[in-house]
Amino acid sequence: MAPRIRSEGIVAGFSLIGLGLLWMLSNLGWLDLLTSVRRWWPLVLVVWGAAELLNTWTVRNRREVSK
Amino acid sequence: VKAGKLLVLVLVLSFGAAIETAWSLREKFGLGPLGWHVLGGRFRGPSFTFEDEETHELKGGGTVEVDNAFGAVTMVPGSAGEVKVKLRKVVYLSPESEARQFASGIHLYASPVGGGLRLSTNREEAGRDRYVGFETHLEIALPAGTPVKVRNEHGRVEVHDVGRAELSNSFEPIEVKGVDGDAVLQGRHGNLSVSGVRGALTVTARHGNLELQDVDGRSEVQLEHGNLKASRTGPLLVTLSHGDVEARTVRGDLEVRGEHAGVDAEEVSGRAQVATSFRDVRLAKVDGATRVKAKHGKVQASDVKGETVVTSEFDGVTLARIAGPVDVTVTHGGLQAEDLAAGARVKSSGDEVILDRFSGAIDVDAQRGGVDLRPAGALTQPMEVKAVHGGIRLAVPDGSRFQFEAAARHGELDVNVPGLAVMLSERSRVTGSMGGGGNLVRLTTEHGDVNVSAGASVAAKTP
């Protein structure tokens with residue numbers, strides 16, 4: 001049986017990667033950190049929601065197969 | 001809903017709220033840059049341009065010095081005895097009335113110094129009270145042949161037809177066309193282009209490419225993290241790391257001291273001396289002696305008139321049309337050479353040694369790899385070939401004259417040359433003479449075969 005995906009783990013991972021990238025680009029002088037983070041932070045909620053949906057469907061399918 | 005999830009949700013929302021608050025504060029209360037921002041070392045955003053123009057006398061014919069930042073400096077030939085300066089102020093502020101007011105506080109400073117003139121702006125004072133982005137571009141017309149000195153940052157420097165040039169710049173390119181005397185350039189994070197220098201040239205650059213053209217005097221280049229492209233220069237000394245050198249038509253000696261640097265040079269009228277690592281070396285049409293020391297990179301040399309000395313590690317050596325004597329030491333690599341006119345001394349390990357169409361005395365010591373020898377004409381010069389783990393093949397052209405000795409301790413001997421008078425023939429050793437004898441040709445291998453056969457004579461091509 002495949003292990004269940006922890007959606008909050010995915011969210012935390014992607015958020016850290018995104019924040020790190022933006023911060024690095026800001027340090028390189030390629031963008032304004034505050035403006036970029038302010039523009040893109042709601043994406044965290046979108047990714048989390050998508051991960052939750054995927055999780056729910058996966059669990060439901062698994063239950064139907066086991067019946 | 002699990003507590004962990006709730007905690008992450010609260011953290012994400014708190015983070016978002018903090019960012020939104022910070023952004024609102026910056027927008028409403030002017031905390032930080034408003035109408036402009038810096039992107040790639042340049043101001044961006046809505047801007048307005050204003051210009052001032054001044055003319056100053058230049059009586060003594062002294063140096064014109066310029067200090068600037070965040071703006072280009074352009075120097076072009078103008079009228080004799082005067083320096084005309086146009087200050088272009090680009091202010092990143094809205095509306096235009098506020099930008100104009102701010103620009104009115106930016107001035108040009110011009111002060112006579114030792115028969116010359118020093119030009120700068122009050123940009124430090126102007127930007128002290130208010131956090132506004134602005135650029136100060138200086139367009140200067142000055143008498144042709146005037147010595148100049150420019151220090152700039154974050155702005156292009158362009159200089160045409162001056163007497164002597166001392167230029168330094170960061171984060172933008174430097175372009176120089178026409179210098180009557182010497183030129184000294186320092187660049188960081190920007191490309192440099194230099195052409196038409198009659199005197200000596202000294203360049204120190206980091207993180208940028210350098211292009212040189214038509215430099216009459218000696219050029220000394222120190223470059224890091226950038227490529228050098230040079231053509232029609234005088235003697236050229238390059239110290240380079242993490243970049244490549246491409247040189248065409250060097251009138252004098254070429255010397256490259258490189259690390260992680262590739263070298264590609266053609267038409268060198270003097271000597272060529274190269275030491276580098278981790279990239280390839282190619283030298284062609286060198287009139288003087290050639291010395292190459294390379295690690296982890298291929299070495300190629302062709303059409304060399306002088307002596308050629310190559311030391312290579314971890315890659316092979318290829319030589320073609322070498323008029324002078326050849327001395328090659330190659331570790332963990334082999335040698336492939338053709339048209340060697342004045343003999344060769346070769347010490348190799350790791351791969352084959354192939355000498356095609358050679359003349360002169362030959363001395364080969366091959367540790368791991370065979371040796372293949374095809375002379376250009378009748379064999380009359382001494383030859384000493386030793387191999388440890390590999391065979392030896394020799395083609396003997398008509399008209400050859402030599403004493404002969406061959407030994408294969410743990411291999412086979414196959415000597416089949418019409419006209420070779422055999423004096424001693426044992427399982428692992430053969431001696432004899434050809435054409436009445438002459439210099440000694442000795443072929444010895446430990447673990448390999450020796451194969452000597454008649455071969456056609458092929459005239460060597462000389463550079």
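This report walks through a predicted model, going from chain A and the largest pocket to a helix, some strands and two loop residues of chain B.

**Chain A and the largest pocket**

Chain A is simple to describe: three helices and zero strands, running α-α-α from the N terminus on. Of its 67 residues, 22% count as buried.

The largest pocket holds about 550 Å³ of space. A total of 19 residues line this pocket, and the closest to its centre are Phe14(A), Ser15(A), Leu16(A), Leu19(A) and Val44(A). Both chains take part in the lining: helix H1 (7–27), helix H2 (33–40) and helix H3 (43–66) of chain A, along with helix H1 (3–29) of chain B, each supply at least two residues. The biggest giver is H1(A), with nine residues. Sorted by class, the lining of the largest pocket has 17 nonpolar residues, two polar ones and no charged ones.

**A helix with a buried face**

Over in chain B, helix H2 (residues 96–103) has Ala99(B), Phe102(B) and Ala103(B) as its buried residues. Look down the axis of H2(B) and these buried residues fall within an arc of 100°, so they line one face of the helix. Ser97(B) and Gln101(B), on the other side of H2(B), are exposed. What do the buried residues of H2(B) pack against? Their partners in chain B are strand S3 (48–57), strand S6 (82–92), helix H3 (123–126) and strand S9 (133–143).

**Strand pairs in chain B**

Here are three strand pairs, each with one pair of opposite residues.

| Strands | Sense | Bridges | One bridge pair |
|---|---|---|---|
| S5(B) and S11(B) | parallel | three | Met75(B) and Val159(B) |
| S11(B) and S13(B) | parallel | five | Glu158(B) and Glu175(B) |
| S36(B) and S37(B) | antiparallel | five | Leu420(B) and Met434(B) |

Strand S11 (residues 157–162) of chain B is joined to strand S5 (residues 73–78), and S11(B) is also joined to S13(B). Further along the chain, strand S36 (residues 420–425) and strand S37 (residues 429–434) of chain B make a hairpin with three residues between them.

**Ile174(B), in strand S13**

Ile174(B) lies in strand S13 (residues 174–179) of chain B. Is Ile174(B) buried or exposed? With a relative accessible area of just 2%, Ile174(B) is buried, because the cut-off for buried is under 20%. Leaving out residues up to four places away in sequence, Ile174(B) touches Val157(B), Leu167(B), Ser168(B), Asn169(B), Leu185(B), Gln186(B), Asn191(B), Leu192(B) and Ser193(B). For a sense of distance, the C-alpha atom of Ile174(B) is separated by 23 Å from that of Val256(B), 82 residues apart along the chain.

**Two loop residues with positive phi**

Most residues other than glycine have a negative phi. Two loop residues of chain B go the other way. His189(B) has a phi near 55° and sits in the loop between strand S14 (183–188) and strand S15 (192–197). With a relative accessible area of 36%, His189(B) is partly exposed.

Phe278(B), not a glycine either, has a positive phi of about 65°. Phe278(B) is found in the loop between strand S22 (272–277) and strand S23 (281–286) of chain B. Phe278(B) is partly exposed too, at a relative accessible area of 44%.

Methods: Residues numbered from 1 in each chain as written. Chains lettered and ligands numbered in written order. Predicted model: local features only at pLDDT ≥ 70, side-chain atom pairs only at ≥ 80, totals over all residues. Heavy atoms only, no water. Buried < 20%, exposed > 50% of the residue type's maximum accessible area, 1.4 Å probe, protein only. Helix = DSSP H or I, 4+ residues; strand = E, 2+ residues; numbered from the N terminus. Arc of directions from axis to C-beta. Contact = heavy atoms within 4.5 Å. 1 Å grid on protein atoms, 1.4 Å probe; cavity = no way out; pocket = protein on both sides within 12 Å on 5 of 7 lines; lining within 4 Å. Points joined across faces, edges and corners; volume = space filled by probe spheres on them. Nonpolar A, V, L, I, M, F, W, Y, C, P; charged D, E, K, R; others polar. Pairing = 2+ DSSP bridges.
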